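Colleague: Got a minute? I'd like to talk through charged pairs and cysteines in this one.

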Amino acid sequence: MGTIRSDFDLFRKANTPVVAVVDTNFGDNGKGKFVDLLAEFADVTVRGTGGENAGHTIVHDGVTHVFHLLPSSISRDAEGKVSIIGRGTVINPGSFDGELQLLEERGMSWNGLRASQDAQLVLPWHIALDRVRETLAGSGKIGTTGKGIGPAYAAHRARVGVRVNDLLNPDLLRESVAQSYREATAYFDGVPPYILREAVRKIDGAESFYRAKGFFSVATVTEWLIEKSLRFRDCITDTDALVQKMLNEGKRVLLEGAQGVLLSIDCGTYPFVTSSDCSINGLAQGSGLRTEDVGYAVSIVKAYASRVGEGPFPTELRGEEAENLRHLGNEFGATTGRPRRVGWLDLPLLRYAVRHASRTFALTKADVLAEYGIVKVCTHYLYRGPDRRVGDRLLRRGERIDIADPYPWILEHCEPQYREFKGWGPIPTGATRSKKCLPPALQEFIVFIEEEVGARVELLSVGPDREDTIAL
Ligand code: IMP
């Protein structure tokens, strides 16, 4: 356990029992590290959105842990912390069981883990649907993680989802699983069998419950779900009530966002988004709280940009430049291993994203750009596309854009305009506690972002370990 200084105690600093952490970008900004750090001061950490599409990387005493469904605070279970998978998440019982097995193999406990009885299940046909849709979409694909996230959320909204609580009542489970499958087959009917077969090929346990003619066996899937839930069934509870009870007892609650605002189903670059609301609102709701319960929120902002999957990315770098940054920043998907697309920090998108996040920033991966001769920041765009109506205004070709509209059909025609900074060289850690102790070029970079976005950088991450963090 590292020595964490009390100036990371944002609960005390902001005098609030509820702190939220969200990513302002396309995910992968280094949220896991901050959640792990802040979890030191929380009694309970709640994941409110997403599922195993997330990949939260935590480096602890030189050991790297990557969690997907599990809250990042699980590495602090032995300290008596409670970790909750909230009502707004989607859970694949097979993967959940697998992550717990991995913890056990590493000698890590999960006594404080609880899963919402109201969360939705990701079923094998959701995964198949996700992959079939991507295959059929061809070049128009979204580039999903292929974990069935979209179809599971869609089933929830279509009122044909299966809730976690059904796992505890086999007769109810049989009914809801059968109904869910009936809905899915309506779609599968029109899919060529070879595409369906390919889609189910890598699904956990698929051989046993997928029948050759292109149909799943509902009975086998139901049995499989029950078997996979044996390890965690005692964790299933009313987590909304638990969070409320802990708040009433004066406990501190940390909300862990997943993905990022620009991937939010509601405010991201739709349709190139995930299927949950990754904003503060979505996070609070999925954690069983109200947005106004969140007393303090931190936006995780990376010193440059990255994106996994398809969709607009105005400041994207290509070729050798991209390769360099990708390797320096180790930008490879924690869930899928896919190389992440990388680019420069994009202030028009950031100015938009903070509306759904917070203006208090934790700036991450500043160390990655330390040795760069020139670091660029996109200050605004020039719009080069056709004239378009956007709500009640007309966007004209050649117009300057300071705050991005999150629409692919606009972003793909935006030409980024940059301001250049010098690389700042090595960043001292340890005793550094104010901006004035930082290399002048980095100070300039930070102050520029703060002034341009109307935000304040309160925390700075200069490496993957807990200790590589500076409170400013
Ligand atoms: P889905 O969430 O698997 O449906 O994927 C939808 C989009 O969100 C794709 O572009 C994914 O690459 C992206 N995505 C989902 N989860 C994450 C994440 O944790 N980090 C970064 N991108 C993600």
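Colleague: Is Arg76 buried or exposed?
Modeller: Arg76 is at 0% relative accessibility, so it counts as buried. Buried means under 20% relative accessible area, exposed means over 50%, and partly exposed is in between (1.4 Å probe, protein chains only).

Colleague: What can I trust here?
Modeller: This is a predicted model: local features need pLDDT of at least 70, side-chain atom pairs count only at pLDDT 80 or more, and totals for chains, interfaces and linings use all residues. Residues are numbered from 1 along each chain as its sequence is written, and side-chain values use heavy atoms, with hydrogens and water left out.

Colleague: Which side chain does Arg76 meet in a salt bridge?
Modeller: That of Glu40, at 3.0 Å, N to O. A salt bridge is a side-chain nitrogen of Lys or Arg within 4 Å of a carboxyl oxygen of Asp or Glu.

Colleague: Where do the two sit in the chain?
Modeller: In distant parts, 36 residues apart. Arg76 is in the loop between strand E4 (63-67) and strand E5 (82-85). Glu40 is in the loop between helix H2 (31-39) and strand E2 (44-47). Helices (H or I, at least four residues) and strands (E, at least two) are DSSP runs, numbered from the N terminus.

Colleague: And how exposed is Glu40?
Modeller: Partly exposed, at 25% relative accessibility.

Colleague: How many salt bridges are there in the whole structure?
Modeller: The search finds 28. One of them joins Glu104 and Arg231 at 2.8 Å, N to O. Glu104 lies in helix H3 (residues 93-105), and Arg231 in the loop between helix H9 (218-229) and strand E11 (236-237), so the pair ties together parts that are 127 residues apart in sequence. Glu104 is partly exposed at 38%. Arg231 is partly exposed too, at 30%.

Colleague: Which residues are linked in a network?
Modeller: Asp28, Lys302, Glu331, Arg340 and Lys365, through salt bridges.

Colleague: What about Lys251?
Modeller: Lys251 meets Glu249 in a salt bridge at 3.5 Å, N to O. Lys251 has 28% relative accessibility and counts as partly exposed. Glu249 is partly exposed at 45%.

Colleague: New topic. How many disulfides are there?
Modeller: The search finds 0. A disulfide is a pair of cysteine sulfur atoms within 2.5 Å.

Colleague: How far is Cys278 from the nearest cysteine sulfur?
Modeller: 7.7 Å, and that sulfur belongs to Cys267. Cys278 counts as buried, at 2% relative accessibility.

Colleague: And Cys437, how exposed is that?
Modeller: Cys437 is partly exposed, with a relative accessible area of 43%.
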